[in-house]
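Here is a short tour to follow with the structure open in a viewer. Each stop says what to select and what is there.

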Amino acid sequence: MVAGRPDPGPDAPLSVPVVASASYAAGGDRGYGRYGNPTWEALEQAVGELDGGQAVAFASGMAAVTATLAAVLGPVPADLPVVAPRHGYHTALRLVERLGRPVHRVDVADTAAVVAALPGAGLLWLESPTNPMLEVADVPAVLAAARSHGVPSVVDATVATPLLLRPLEHGADVVVHAATKYLAGHSDVLLGVAVAADTGLTDDLRGQRADHGAVPGPFEAWLALRGLRTLPVRLDRAQASAAELARRLTRHPAVTRVRYPGLPDDPGHAVAARTMDGFGALVSVEVVGGACAADAVAETTRLWVHATSLGGVESLLERRRRWAAERPTVPESLLRLSVGLEHVEDLWDDLDAALTAATGATRP
Ligand SMILES: *Cc1c(COP(=O)(O)O)cnc(C)c1O
């Protein structure tokens with residue numbers, strides 16, 4: 001099997017079947033539905049090939065995060081601190097804060113600060129670009145430093161996808177993806193993947209999954225694999241539209257700041273250009289008029305859907321601080337835009353109209 005496709009042959013199907021089976025006839029390696037499933041294995045093979053490791057699929061991105069923390073921190077003494085991003089996916093960082101270990105929050109874009117936090121640390125938990133602030137870490141540099149200090153490292157690469165960033169190539173121990181987002185790509189499934197190059201770690205991750213039971217459904221795994229087939233074309237289109245919208249938004253009178261690593265004057269631009277294969281399809285903007293105006297924009301668009309999540313075919317926007325768990329250093333008026341596959345002019349017209357109406361600014 002290559003890329004999760006069945007072996008070719010006369011009348012062989014082109015797509016793996018959804019194998020619905022809670023148990024397996026005795027005598028094989030799978031044994032039981034919590035230990036393995038042929039549909040998961042096809043998805044895992046495809047994602048593993050993209051990231052350059054062995055993938056383990058979970059019921060959600062958070063299930064992958066939970067299992068990864070347990071597997072990586074298992075052998076690490078309980079008093080060693082975790083180095084984690086100051087901004088990032090808030091639910092994952094809440095789990096990190098609840099480990100009962102000291103946590104050292106750093107600006108991932110400040111390479112010197114990340115490296116300075118590493119001596120004596122028990123884990124480097126990285127996210128890049130960060131959600132929703134789109135800060136970009138110099139992943140090769142900080143992972144090299146983690147290795148040299150003997151600190152295990154994990155990268156949540158959900159926002160980048162393996163097409164833009166492959167942290168295992170730079171020495172990360174584990175990469176996690178909320179496959180719910182770009183990999184599956186159609187906002188119709190929750191799924192997570194953890195990928196590691198070390199067989200001991202992947203065995204551990206599978207053991208965590210089997211024991212805690214956060215297993216993906218076979219149909220969910222099939223949907224994710226089906227979505228993954230079009231990831232390159234979806235991402236190309238979404239990125240091109242994101243770049244165009246970001247450029248136009250910098251000139252919009254209702255917008256005070258645009259965060260997008262593809263903009264030449266974005267603080268993350270140089271590092272992203274050097275270390276990633278693209279700038280992604282998320283754009284964050286701060287709008288004139290604060291939280292009220294930002295909420296009004298989100299409620300006024302007609303094509304953009306006011307909803308959380310990202311990475312789907314439909315464009316979504318939301319004000320991140322509407323969530324109590326979001327960091328207070330994320331600006332109140334910050335709207336995260338997840339650019340989808342609609343026509344870029346339709347996206348612009350809708351966004352421009354909503355910004356203009358909500359903030360009373362004149363049209364650019
Ligand atoms: C959504 C997300 C997760 C969690 O994934 P779920 O499938 O919702 O559990 C983790 N990390 C990042 C960066 C995310 O955007």
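A polar contact is a pair of N or O atoms within 3.5 Å. By that cut-off, the place to begin is the ligand: one of its nitrogen atoms is 2.7 Å from an N or O atom in the side chain of Asp156. Keep in mind throughout that this is a predicted model.

**Stop 1: the ligand**

Stay with the ligand and show its surroundings. Which residues surround the ligand? Select Ser60, Gly61, Met62, Tyr89, Glu127, Asn131, Asp156, Thr158, Ala178, Thr180, Lys181 and Leu190. Besides Asp156, pick out Thr180, where an N or O atom in the side chain is 2.6 Å from an oxygen atom of the ligand. At Gly61 the partner is a polar backbone atom, and an oxygen atom of the ligand is 2.8 Å from it.

**Stop 2: two cis peptide bonds**

Now move along the chain from Glu127, one of the residues around the ligand. Select the loop between β4 (123-127) and α5 (139-148), where Pro129 lies. The peptide bond from Ser128 to Pro129 is cis, with omega near -15 degrees. Pro132 also lies in the loop between β4 and α5. A cis peptide bond joins Pro132 to Asn131, with omega about 5 degrees. Asn131 is also among the residues that surround the ligand. For background, most peptide bonds are trans.

**Stop 3: the two domains**

Zoom out and colour residues 38-228 as domain 1 and residues 231-359 as domain 2. The C-alpha centres of the two domains lie 24 Å apart. How many residues of domain 1 are in contact with domain 2? There are 31, and they touch 38 residues of domain 2. Together the domains bury about 3000 Å² between them, with 62% of that on carbon and sulfur atoms.

Next, look at what crosses the interface. The count of residue pairs in polar contact between domain 1 and domain 2 is 14. On the side of domain 1 that touches domain 2, the elements giving two or more residues are α3 (90-97), α6 (161-164) and α8 (218-228). The largest share, three residues, comes from α6. The residues on this side of domain 1 divide into 16 nonpolar, nine polar and six charged.

**Stop 4: charged pairs**

Side chains of opposite charge can pair when their charged atoms come close. Two salt bridges are found across the interface of domain 1 and domain 2. Select Asp277 and Arg166 to see a salt bridge whose closest N and O atoms are 2.8 Å apart.

The count of salt bridges by this rule comes to 21. For another of them, select Arg30 and Glu41, whose side chains meet with N and O 2.9 Å apart. Arg30 lies in the segment before α1 and Glu41 in helix α1, so this pair ties together parts that are 11 residues apart in sequence.

**Stop 5: the segment before α1**

To finish, go back along the segment before α1 (38-51) and select Asp11, which is placed there. Is the phi of Asp11 positive or negative? The phi of Asp11 is positive, near 65 degrees, in a residue other than glycine. Most residues other than glycine have a negative phi.

Notes: Residues numbered from 1 in each chain as written. Predicted model: local features only at pLDDT ≥ 70, side-chain atom pairs only at ≥ 80, totals over all residues. Heavy atoms only, no water. Domains from an automatic or database assignment. Contact = heavy atoms within 4.5 Å. Buried area = accessible area lost by both parts, 1.4 Å probe. Salt bridge = Lys/Arg side-chain N within 4 Å of Asp/Glu carboxyl O. Polar contact = N/O pair within 3.5 Å; in protein donor to acceptor, adjacent residues only side chain to side chain. Helix = DSSP H or I, 4+ residues; strand = E, 2+ residues; numbered from the N terminus. Nonpolar A, V, L, I, M, F, W, Y, C, P; charged D, E, K, R; others polar. Near = heavy atom within 4 Å.
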